[in-house]
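Please open the model in your viewer and keep the sequence panel at hand. The tour proceeds by selection, one site at a time.

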Amino acid sequence: MPSAPSKPRILAIHAHPDDVEFQCAGTLARLKQAGCQVTIVTMTAGDCGSAELGPAEISRVRRQEARQAADLLGADYACLEFQDLGIVHDNDGRRRVTEAVRRARPDIVLTAPPVDYMADHEMTSRLVRDACFGAPIPNYMTCQWEPAPPLAKIPHLYYMDPIEGIDYFGKAIQPEFIIDVSATFELKLKMLACHASQRNWLLKQHGIDEYLESCKKWSGKRGQEIGVAYGEAFTQHKGHPYPHDNILLKLLSVK
Ligand SMILES: [Zn+2]
């Protein structure tokens with residue numbers, strides 16, 4: 001008990017605005033209810049997410065949408081200002097993401113899975129994994145403005161589901177565990193609905209509200225796997241120095 005932080009700090013970091021909402025907003029809402037402090041970070045502002053608006057304009061819109069969604073949850077929000085299709089696994093990226101991790105000071109980090117349908121997601125996953133490793137190393141300099149101090153330890157790291165739970169050969173990915181998000185699913189949908197620019201785009205293109213429907217379908221499928229209405233799946237990173245105990249499951253095991 002004394003070693004467990006009383007109110008763990010959570011950092012959910014993914015590539016684009018709306019990825020966090022799709023893959024883990026229900027879990028974040030449960031963590032928030034459990035008294036955790038939550039920060040949502042997107043690598044980009046989603047500058048390629050429009051056929052009509054230019055990069056700067058759509059970025060402005062999507063930063064605002066992401067902030068609205070975070071506000072619904074009572075979470076902090078930051079965008080690291082990478083470019084869509086421009087996230088690469090290099091020293092600059094590693095420093096920027098490590099700085100974001102140090103600033104959020106998380107006990108638990110939720111991020112993109114190592115294998116997903118596009119490079120931004122996979123690069124984010126790799127950079128966050130490296131950032132969690134580097135964040136406690138005192139001699140690792142992020143070379144950013146007003147650098148935050150190093151963390152006391154490597155945070156617990158978890159990967160969210162890839163889109164549709166498949167690898168790039170269409171093979172289903174078996175998650176380690178699934179969190180019941182039935183009670184917070186309405187809030188998750190409301191958060192997702194904040195991303196009006198994306199929702200309306202699909203609505204116009206396909207004539208159905210595919211954005212929210214696909215979320216219901218996918219969360220419903222994961223829920224079904226554990227016998228509840230809606231679920232979100234995770235797999236813990238268990239590389240050598242990373243914490244192996246499942247603090248996330250423990251935190252949410254009391255309903
Ligand atoms: Zn994405």
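The stops below cover a metal site and then a series of salt bridges. The model is a predicted one.

**The zinc site.** Select the zinc ion first. Its coordination comes from His 16 through ND1, Asp 19 through OD, listed twice, and His 121 through NE2, at 2.0 to 2.5 Å. Along the chain these donors follow the spacing H-x2-D-x101-H. The two histidines link distant parts of the chain: His 16 lies in the loop between β1 (9-14) and α1 (19-33), whereas His 121 belongs to helix α4 (residues 119-134), 105 residues apart. Both His 16 and His 121 are buried. Angles among the four donor atoms run from 55 to 140°, and the site is irregular. It is not counted as tetrahedral because that class requires all angles to lie between 85 and 135 degrees.

**Helix α2 to strand β3.** Next, select Arg 63 and Glu 81, whose side chains form a salt bridge at 2.8 Å, N to O. This pair connects helix α2 (residues 55-73) with strand β3 (residues 76-82), across 18 residues. Arg 63 is partly exposed at 28% relative accessibility, and Glu 81 is partly exposed at 36%.

**Along helix α3.** Move to Asp 92 and Arg 96, where the closest N and O atoms of a salt bridge are 3.2 Å apart. The two are four residues apart in helix α3 (residues 91-104), so about one helical turn separates them. Then select Glu 99 and Arg 103, joined by a salt bridge of 3.1 Å, N to O. Glu 99 is buried at 3% relative accessibility, while Arg 103 is partly exposed at 49%.

**A network.** Finally, select Asp 161, Lys 221, Arg 222 and Glu 225, which are linked in a network of salt bridges. The structure holds 16 salt bridges.

Methods:
Residues numbered from 1 in each chain as written. Predicted model: local features only at pLDDT ≥ 70, side-chain atom pairs only at ≥ 80, totals over all residues. Heavy atoms only, no water. Donors = N, O, S within 2.8 Å, 3.2 Å for Na, K, Ca; no water. Tetrahedral: all angles 85-135°; square planar, octahedral: opposite > 155°, others 65-115°. Buried < 20%, exposed > 50% of the residue type's maximum accessible area, 1.4 Å probe, protein only. Salt bridge = Lys/Arg side-chain N within 4 Å of Asp/Glu carboxyl O.
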